[in-house]
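Here's a quick briefing on the chain you have open. Let's start with one turn and work outwards from there.

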Amino acid sequence: MSNDIKKDKFAEKRAAVEGKSSGSLKLFVIGAAVVALAVASLVAYSRTGDKSGEAAKVQAATPVNESGVVVSFPLADFEGGQAKFYEHKTADSITVRYFIVKSDDGVTRAAFDACDACWPHGKGYSQDKKEMVCNNCQMRFPTSKINEVKGGCNPSPLARTVENGQLLIKVSDIEAGKSYFNLKK
């Protein structure tokens, strides 16, 4: 190695140590910083990204008419297929949650906001388009199968009838599901 080459290498090392780095070193540092920032942004986005299934949880509502024997809801309230969630408080202070949804086959359906498998977790369901999603195990159920399929993680069916444009649910049927919501067991 010639003396000139040795001097150039020595001068380059000295400049790096003294903070007078070469242009390629500065580009490397800036590039590494940009990559680190991009990775940090990606991680932050993945933690806060859209989780529409979870965000779809609906507020509790009061039924239009609760006579003490039957709860009634206008069928027109369920046009559009968006599930609506309701609560009923029993005499022994257990809050029973249920939802009503009109599926794409035109049938208005009702189910407890719980299932035989995941009820002890008390997380219920949320809606993602035409499916109800268990907030505990993330299993998905088509809304057209609510009230038709039961057991396992399917939303537990809630008996209902339709009369004069109203969906009717007996309070006794609602209270029959209170064991799903008695989390003190």
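In the hairpin of E6 and E7, two residues sit between the strands, and lysine 129 takes a positive phi near 55°. Keep in mind that this is a predicted model. From that turn, the tour goes through the sheet around it, then the cysteines, a second hairpin, the cores and the chain as a whole.

**The sheet around the hairpin**

- E6 and strand E7 (residues 131–134) run antiparallel and are joined by four bridges.
- Two of the facing residues are worth clicking on: tyrosine 125 has cysteine 134 in E7 as its bridge partner, and glutamine 127 stands opposite methionine 132 in E7.
- In a regular strand, side chains alternate between the two faces of the sheet.
- Tyr125 and Gln127 point one way from E6, Ser126 and Asp128 point the other way, and all are buried.
- The hairpin belongs to an open sheet of three strands, ordered E6-E7-E8, with antiparallel pairing.
- Strand E6 (125–128) and strand E8 (140–142) are the edge strands, each pairing on one side only.
- On average, neighbouring strands of this sheet are turned by 30° against each other, direction ignored.

**Phenylalanine 141 and threonine 143**

- Phenylalanine 141 lies in strand E8, and its relative accessible area of 7% makes it buried.
- Which residues does phenylalanine 141 touch, not counting residues up to four places away in sequence? The list is Tyr125, Lys130, Glu131, Met132, Cys153, Asn154 and Pro155.
- One of those, asparagine 154, is 13 residues from phenylalanine 141 in sequence, and the two are 6.8 Å apart in space, C-alpha to C-alpha.
- Threonine 143 is found in the loop between E8 and strand E9 (161–163).
- Is threonine 143 buried or exposed? Threonine 143 counts as buried because its relative accessible area is 3%, and the cut-off for buried is under 20%.
- Leaving out residues up to four places away in sequence, threonine 143 touches Val101, Ser103, Asp104, Arg109, Gln127, Lys130, Glu131 and Met132.

**The cysteines**

- How many disulfides does a search of the whole structure find? The search comes back with zero.
- For cysteine 118, the closest cysteine sulfur is in cysteine 153, 3.8 Å away, so the pair is too far apart for a bond; a disulfide needs the sulfur atoms within 2.5 Å.
- Cysteine 134 also has its closest cysteine sulfur in cysteine 153, and that one is 3.5 Å away, again too far for a bond.
- Cysteine 118 is buried, with a relative accessible area of 11%.
- Cysteine 134 is buried too, with a relative accessible area of 2%.

**The E3–E4 hairpin**

- Strand E3 (residues 84–89) and E4 run antiparallel, with six bridges joining them.
- Tyrosine 86 stands opposite tyrosine 98 in E4.
- Five residues lie between E3 and E4 in this hairpin, and serine 93 in the turn has a positive phi of about 65°.

**Nonpolar cores**

- The largest nonpolar core has 19 residues, and those with the most contacts inside it are Phe73, Tyr98, Ile100, Leu158, Ile169, Ile174 and Phe181.
- At least two residues of this core come from each of strand E2 (70–74), strand E4 (95–102), strand E5 (108–112), strand E10 (166–170) and helix H4 (171–175).
- E4 gives the most to this core, with three residues.
- There is a second, separate core of 13 residues, and Phe85, Phe99, Met132 and Phe141 are among them.
- Two members of that second core have already come up: Met132 and Phe141, and phenylalanine 141 touches Met132.

**The whole chain**

- The chain has four helices and ten strands.
- Along the sequence, the pattern reads α-α-α-β-β-β-β-β-β-β-β-β-β-α.
- Of the 185 residues of the chain, 32% count as buried.
- Among contacts in the chain with a separation of 6 or more, 56% are between residues 24 or more positions apart.
- The chain exposes about 11,500 Å², and carbon and sulfur atoms supply 56% of it.

Notes:
Residues numbered from 1 in each chain as written. Predicted model: local features only at pLDDT ≥ 70, side-chain atom pairs only at ≥ 80, totals over all residues. Heavy atoms only, no water. Pairing = 2+ DSSP bridges. Axes fitted to C-alpha atoms, helices over the stretch in contact; angles between N-to-C directions. Buried < 20%, exposed > 50% of the residue type's maximum accessible area, 1.4 Å probe, protein only. Contact = heavy atoms within 4.5 Å. Areas by Shrake-Rupley, 256 points an atom, 1.4 Å probe, with all protein chains shown as cover. Core = buried A, V, L, I, M, F, W, Y, C linked by side-chain atoms within 4.5 Å.
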